Every structure is written in structure tokens, then in C-alpha cells.
Amino acid sequence: MIGWEALEGLAPLAPHTGPFPHAGFLGAWWRHHGTGTLLPIRSGSGAVVLVEAGATVELAGAPGLTDYHSPLGSDLEGVVAEICGALPAGTRLMLDSLPHEASEPLMKQFAAGGVALTMRPHDATMVLGLPGDAEEYLATLDGKQRHEIRRKRRRFEEQAGAPALRRDPVGIAEFAAMHRTSSGAKGGFMTTEMEQFFGSLVDEAGGVVDVLCDGAGAPVAAAFGFEDADSYYLYNSAFHQERSGLSPGIVLVTALIDAAIAAGKRRFDFLKGSEDYKARLGAVPRQLFALEGAL
């Protein structure tokens with residue numbers, strides 16, 4: 001195997017990992033941000049793609065942009081044997097962003113092959129379990145948070161009309177423009193190259209843009225995410241800074257939660273980042289792990 005076809009037809013070992021272990025996402029990441037030497041590994045019904053950077057080998061997908069890593073398929077024994085056979089002794093492995101469903105069996109399989117890796121907590125995503133009804137979801141929150149959500153939604157409607165969520169297949173430009181109205185690091189994040197990366201994620205990894213509009217139909221905020229049969233993954237968001245008095249962030253996120261519930265989703269994944277609002281909205285940490293060591 002010489003490319004992303006190594007991943008074709010396989011499901012991630014760790015469940016609920018969205019597009020991140022798949023060829024569409026990783027191929028877009030590599031084209032826009034990748035450096036080093038790509039090392040696709042395929043053994044029967046198992047696969048993973050690594051990147052060699054000097055004496056260190058990592059999983060494809062930088063941790064700042066890739067919220068989950070996981071090998072694909074069921075032949076973990078074969079994948080580990082291929083890794084050990086493809087790399088020279090002494091090569092350092094740094095395998096990050098692994099849910100425990102992937103980190104534990106991967107560590108055990110390396111150990112069975114004579115390679116002792118250390119597992120440590122690396123990061124965490126924040127995941128909200130969804131009930132079947134939006135009012136039922138609000139009832140799970142404490143009274144103060146429930147009141148704040150309703151107050152901010154009411155203020156939005158009073159000042160700007162009823163908010164509406166619109167899925168926009170060509171909304172990347174609007175989303176990027178909102179980012180650039182921000183100050184500090186957030187405002188500098190959306191470079192031309194980064195905007196092109198997000199565009200590639202729409203084309204190749206199933207990325208979707210949801211735009212929050214005011215009562216007149218004017219865009220106020222936007223979210224970039226992914227979805228599968230039972231989950232929505234909130235990857236990034238932004239809003240027009242001149243509309244900050246409308247609390248567009250919380251109105252946007254709660255509208256996305258309502259939409260996910262209406263679509264029958266069972267999970268709303270806020271992905272990486274420990275911002276307080278995620279916990280206030282009911283999300284709980286999903287610990288991620290890193291495996292480190294030398295062959």
C-alpha cells in the first residue's frame with residue numbers, strides 16, 4: 001500500500017471517533033498541513049497510517065487538528081507486526097489522542113511483540129449524551145443553567161428576531177469571515193491555507209457548516225462539524241463580533257443540540273478543549289491517551 005487506500009473499507013477500532021481516523025480527513029490534513037514521510041500500514045483487515053519525522057513516528061493527523069486517533073479494522077496483531085517490521089530498532093513511537101478502546105489493546109499488542117510502551121493521559125474530549133426530546137435535555141441541566149439558556153434565547157429573539165439554523169453547503173467563506181473578526185489568536189487562526197483545509201474537509205470528509213441567522217436572515221454565527229448515524233461532532237465555531245451582545249455562541253450551540261436531538265442523534269461531541277461552557281451544558285470528559293516508547 002502506498003497511500004490512503006490502506007484505510008479503505010475498515011471501521012475504527014475505537015467507536016465514536018467521527019471522521020478523524022479515516023482517509024478523507026487524514027488525506028486533507030496531510031495535503032494542507034502534513035510534513036515528514038507518510039507510512040501507510042495495512043495487514044489483512046487492519047490498518048493505520050503513520051508519519052515519520054526524524055527518529056520519531058507518530059499517527060497521521062496533528063493532535064491540534066485531529067481530535068481522535070484509532071487504528072482501523074480488527075487485525076491489530078498484524079498491524080503491530082507490520083509496524084515493527086517496517087521501522088528500525090530504536091525508533092521512538094508517540095501515538096496520541098487514543099480513546100481507551102484503542103490505547104489499551106494497542107499497548108497490549110505491542111507488549112506481546114516485545115515492545116514496552118507507556119500509556120499516559122494525553123487530552124480529553126467532552127461528550128454530551130442526548131435524550132429524545134429538547135425539553136427533556138433542558139430538564140437535565142441545573143436550574144441556573146436552564147434559566148440562562150432561556151434568557152439568552154429570549155434576548156436574541158427580542159433584539160434580533162427568532163433565531164434560525166441554516167445548513168449552508170457553501171458557507172465556508174462566511175464561516176471564515178466570522179473567524180477573522182475575532183481578536184487575538186482566534187482571529188489569526190483562519191489563514192487562507194486553513195480556510196482551504198476546511199473547504200477540503202467539506203469536500204472529502206463530510207464536513208458541514210450550520211449558520212445561525214437572525215430574524216431577517218442575516219448570518220450571526222456559524223459552526224463547522226461532522227455527523228454520523230448517531231453523533232454530531234462540533235469541530236469549530238465563530239460569530240460576528242459586532243453581534244456579540246446577542247450571546248450568539250450559546251444560542252448557536254443550543255440550537256445545534258436541539259437539531260441533533262430532532263435528527264435522532266444520541267451523542268453531541270464537543271471534541272477537544274476544556275472550556276467551561278461544555279460542562280455547564282452537560283458534557284462529560286472522554287479521556288484520551290498517548291502511547292510512548294521505543295521499538
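Visitor: What volume does the largest cavity have?
Guide: This is a predicted model, so the value is computed from predicted coordinates. The structure holds two cavities of 30 Å³ or more. The largest cavity has a volume of about 70 Å³.

Visitor: How many charged residues are in the lining of the largest cavity?
Guide: Its lining includes Leu7, Pro21, Leu26 and Val48, along with His69 and Ser70. By class, eight residues of this lining are nonpolar and two are polar. His counts as polar here, because the charged class holds Asp, Glu, Lys and Arg. The number of charged residues in the lining of the largest cavity is therefore none.

Visitor: Which class makes up the lining of the second largest cavity?
Guide: The second largest cavity has a volume of about 50 Å³. Val48, Leu50, Leu59, Pro71, Val79, Ile83, Leu95 and Leu106 line it. No polar and no charged residues appear there; the eight lining residues are nonpolar.

Visitor: Which elements each supply at least two residues to the lining of the second largest cavity?
Guide: The lining includes Val48 and Leu50, and β2 spans 46-53. Val79 and Ile83 are also in the lining, and α2 spans 76-86. The elements are β2 and α2.

Visitor: Which element gives the most to the lining of the largest pocket?
Guide: The largest pocket encloses about 630 Å³ of space. Its lining has 29 residues, and Tyr235, Asn236, Ser237, Glu275 and Tyr277 lie nearest the centre. At least two lining residues each come from α7, β10, α9, β11 and α10. With six residues, the element that gives the most is β10.

Visitor: How many charged residues does the lining of the largest pocket have?
Guide: Glu275 is among the residues nearest the pocket centre. By class, 16 lining residues are nonpolar and six are polar. The charged residues number seven.

Visitor: Are α1 and α8 roughly parallel or roughly antiparallel?
Guide: The axes of α1 (residues 23-33) and α8 (residues 192-205) come within 9 Å and cross at roughly 155°. Angles over 145 degrees count as roughly antiparallel. The two helices are therefore roughly antiparallel.

Visitor: Is the crossing of α1 and α8 left-handed or right-handed, and how many charged residues are in their contact?
Guide: The crossing is right-handed. Residues of α1 in the contact include Phe25, Trp29 and Arg31, and those of α8 include Glu193, Phe197 and Glu204. By class, the contact has seven nonpolar and five polar residues, and the charged ones number three.

How values were computed
Residues numbered from 1 in each chain as written. Predicted model: local features only at pLDDT ≥ 70, side-chain atom pairs only at ≥ 80, totals over all residues. Heavy atoms only, no water. 1 Å grid on protein atoms, 1.4 Å probe; cavity = no way out; pocket = protein on both sides within 12 Å on 5 of 7 lines; lining within 4 Å. Points joined across faces, edges and corners; volume = space filled by probe spheres on them. Helix = DSSP H or I, 4+ residues; strand = E, 2+ residues; numbered from the N terminus. Axes fitted to C-alpha atoms, helices over the stretch in contact; angles between N-to-C directions. Parallel < 35°, antiparallel > 145°, perpendicular 65-115°, else oblique. Left-handed = near helix turned anticlockwise from the far one by under 90°. Contact = heavy atoms within 4.5 Å.
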